[in-house]
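Biologist: I have a structure open in front of me and would like to learn how to read it. Could you walk me through it feature by feature?

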Amino acid sequence: MPAVSHSPSTRTWVLSTPATSYAVRVDDSGSPRHLHWGGPLTLDQAASLPLSGNQGHSSNEGRSPVGEELPVDGGERYGAPSLQVRFADGTRALEWAFDGHGVEEDPERRCTTLRLHFRDRYYPLRITLGYQVHGDSDVIERWTELTNTSAADGDASDGDASAANAVDLLRADSAAWSLPPRDDYRLSHTTGMWAAETQLHRTQIPYGETVLTSRRGTTSHHAQPWAMVDAGDADEQHGQVWSTALAWSGTWRITVQRTPDNLLGLTAGAGHDGILLRLAPGETHTTPRLAGLYSTAGFGGTSRSWHAHIRAHVLPHPDETRPVLYNSWEATGFAVTQEGQQRLAAHAAAAGAELFVMDDGWFGARRNDRAGLGDWTPHPGAFPDGLQPLVDEVHRLGMQFGLWVEPEMVNPDSDLYRAHPDWVLHYPHRQRTELRNQLVLNFARPDVAEWAYGWLTRLVGDHGIDYLKWDMNRPFTEAGWPELGGAPGAQDRLWTDYVRNYYGVLDRLRVDHPALRIEACSSGGGRVDLAVLARTDQVWISDNTDGSDRLLIQDGYTQIYPVRTMAAWVTDVPNQQSGRSVPLRFRFHSAMSGLLGLGGDLNEWSPEELKEAEGYVSEYKTIRHLVQHGVLHRLRAPQTHAVTAVQYSSADAGEAVVFGWLQQPRFGRPQPPLRLAALDPAARYREQRTGAVHHGATLLERGLDLPLPAGDWSSAVVHLVRV
Ligand code: DGJ
């Protein structure tokens, strides 16, 4: 099947991925309608499908919000609009007219793009619906391009030159998805908060509208911009699951609609309620991409398909093996000094770390969180000769050097703020709300973004820095840009331009310094999404380093995002966030199931602990090819089982590593063997630690007895290699 097929007589298009089809039709009124999202259909089969969502029985129903490719505000439509516009004369209703289509092949990026072109029947708006598929993935990427096609009106006298012919976008979602009718629907999504991100929920979808959103300026800790829907009958291994994920790092909204007649649709895009995007004549707004995936392999298969897609088409360096890092934050807080960091670096190198990251506190007057943010020169007392001696020492120890930065923020007590008080988000007659004693720099301003790019590229270039941890520690408040005046939408553009400039600085840094690797962080996992993953190499997914809390956070994170991006550190006990003391072995096993890092105060670890740590780090290096590049199978979920277990296997079933954690065993309640996944039943596998050999078939049928030691906080790792 070609990636895109088209029937001109029925105005039907079918997008084909390896295991799925997606079909669209332009109806007689010229609007784009949804036909099918599911298993493979030929063009003929798809063209024979009835349009869904026609509710012609009564004058009271109108068009269903489910069944259109991009439900607009206009005509007999009453659902949550994906596209809501207001033209210069105050008219709001949009009327579709079809203007043709285009198909493009891009052999280099291995993708095919379909564009369906429309315009408003009367007003100057062009609307293009974009669809992109790849030959090796069932993910369909969608977006919308909106152009104000009117000619500029030069005689506007109110100072707002574009007002006369402006087109206001009150809502501009990337796309809407329609599901086939089912008896019931269930939503899987994550919620969270600082230090408790990505907590997975599966709940029956209520009738009406369910909104997942962030109004914080960033993706947020509180909800992730993705959703999975099933009919309530999928499980980890089986069942139909429809899922979607948005590539945007600012505010966003996903609206799930279950109509009174039991249809289910989703619309999603950037921006939150009340924001206006004004398109000047000639201007185009391209929405972020919204990716969708249909799978018949349950939640586990859905996750694996997302992981494969993100590795193949999103991550900048997917095949790279991420180093074991050391991070100083929990060890030293702000009290960083050259001498102290060098002592930590020596221990870290001895334990096997390959990348040493100096966290917050190294610059300006930063000795706590009250001063210095924004002044990006080394603290003269802590680094009398600048950063270079530490960088050189870390390199001499055989590690890469990484540095923490928070380019989007400023403490009012800083030279930067004293020089540029107008650079922060603010309104003239409103207070400037400080959170963690800091204000948000208006990254939407080109001069602010240029300033950040300038010092960052110099810092990296001058010192030979290998890695940046880019942090962002508070949401927006008083999101104003007074210099842009009071015209409708004038200042609202900052919600979009801020994010684009954040991307722009990251993109430019990567071009300037091809060897530079970047960690995304926002007080832990406050800014993770497909767009961040496209520009960074790994993510600090939570400030919660408790080895047991992490199992839940990691489970939620990996529902969509690959383990290859999921950083996890082993820190001290009692844990700084939870106060819990979990044994070193459990802490290591928890962190070894992601990108292993060390984050404890190694100066205080006993020689025995350091020795033990060295053992785990070297064991990790023998299995990380599976953890980072293998295929994840969740064998037992932390929410539902006493034992949490995950397996990572090589694609050819030649090897697997299994992790198991049991927080509190109960006497007299044995744990059944773990039935493994994705092994060759005809092969035999040797446990690397004990030498014991198992048949693949028995590991699949009966299962593996996990060697869990007795007592609380028990954990085990088993590495199996085909004999
Ligand atoms: C929040 C991050 O999540 C921490 O890891 C650490 O970098 C602190 N910020 C530093 O202020």
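Modeller: We will go through the ligand site, two helices, some buried residues and a few backbone oddities. Keep in mind from the start that this is a predicted model.

Biologist: Let's begin with the ligand. How many residues surround the ligand, and which are the closest?

Modeller: The shell is a list of residues around the ligand, and here there are 14 of them. The closest are Asp 359, Asp 360, Lys 469, Asp 471 and Asp 543. By character, the shell divides into six charged, five nonpolar and three polar residues.

Biologist: Which polar atoms of the protein lie close enough to mention?

Modeller: Look for N and O atoms facing the ligand. In the side chain of Asp 360, an N or O atom is 2.6 Å from an oxygen atom of the ligand. Gly 524 uses its backbone instead: a polar atom there is 3.0 Å from a ligand oxygen. A nitrogen atom of the ligand has a polar side-chain atom of Asn 473 at 3.4 Å.

Biologist: How much of the ligand's accessible area does the protein cover?

Modeller: On its own the ligand has 290 Å² of accessible area, and the protein covers 99% of that.

Biologist: Now helices. What length should I expect for helix H2, and what does the model give?

Modeller: Count the residues and use a rise of 1.5 Å for each. Helix H2, residues 298–313, has 16 residues and should therefore span 22 Å; its end C-alpha atoms are 22 Å apart, so the two agree. The same check works on H8: its 19 residues should span 27 Å, and the end C-alpha atoms are 26 Å apart, which agrees.

Biologist: Is H2 mostly covered or mostly open?

Modeller: Mostly covered, with 12 of its 16 residues buried. Among them are Phe 299, Trp 306, Ile 310 and the histidines His 307, His 309 and His 313.

Biologist: And what do the buried residues of H8 pack against?

Modeller: Their partners are strands E19, E26, E27 and E28, together with helices H7 and H9. The buried residues of H8 include Leu 494, Trp 495, Tyr 502, Tyr 503 and Leu 509.

Biologist: Loops next. Is Trp 481 buried or exposed?

Modeller: Buried means under 20% relative accessible area. Trp 481 has 8%, so this residue counts as buried. Trp 481 lies in the loop between strand E27 and helix H8. Leaving aside sequence neighbours within four places, the contacts of Trp 481 include His 426, Arg 445, Pro 446 and, in H8, Leu 494 and Asp 497.

Biologist: Where is Thr 565, and what does its side chain reach?

Modeller: Thr 565 is in the loop between helix H10 and strand E30. Its relative accessible area is 1%, so Thr 565 is buried. The side chain of Thr 565 reaches the backbone oxygen of Pro 562 at 2.7 Å. Beyond its sequence neighbours, Thr 565 touches residues including Leu 315, Leu 533, Tyr 557 and Leu 595.

Biologist: What about a charged residue such as Glu 69: buried or exposed?

Modeller: Glu 69 is buried, at 0% relative accessible area. This residue sits in the loop between helix H1 and strand E5. The side chains of Glu 69 and His 34 are joined by a polar contact of 3.1 Å. Glu 69 is also in contact with Arg 33, Arg 142 and Tyr 131, among others. Glu 69 and Tyr 131 are 62 residues apart in sequence, with their C-alpha atoms 11 Å apart.

Biologist: Last topic: backbone angles. What counts as unusual?

Modeller: Most residues other than glycine have a negative phi, and most peptide bonds are trans. Between Val 573 and Pro 574 the peptide bond is cis, with omega about -10°. Pro 574 lies in the loop between E30 and helix H11.

Biologist: Which residues have a positive phi near 50°?

Modeller: Arg 11 is one, with phi near 50°, and Arg 110 is another, with phi near 50°. Arg 11 is in the loop between strands E1 and E2, while Arg 110 is in the loop between strands E6 and E7. Arg 11 counts as partly exposed at 27% relative accessibility, and Arg 110 counts as partly exposed at 46%.

Methods: Residues are numbered from 1 along each chain as its sequence is written. This is a predicted model: local features need pLDDT of at least 70, side-chain atom pairs count only at pLDDT 80 or more; totals for chains, interfaces and linings use all residues. Side-chain values use heavy atoms; hydrogens and water are left out. A residue is near a molecule or strand if one of its heavy atoms lies within 4 Å of it. A polar contact is a pair of N or O atoms within 3.5 Å; within protein, one must be able to donate a hydrogen and the other to accept it, and residues adjacent in sequence count only if both atoms are side-chain atoms. Accessible areas come from the Shrake-Rupley method with a 1.4 Å probe; for residues, only the protein chains shown count as cover. Ala, Val, Leu, Ile, Met, Phe, Trp, Tyr, Cys and Pro count as nonpolar, Asp, Glu, Lys and Arg as charged, and the others, Gly among them, as polar. Helices (H or I, at least four residues) and strands (E, at least two) are DSSP runs, numbered from the N terminus. The expected span of a helix is 1.5 Å times one less than its number of residues. Buried means under 20% relative accessible area, exposed over 50%, partly exposed in between (1.4 Å probe, protein chains only). Contact means heavy atoms within 4.5 Å.
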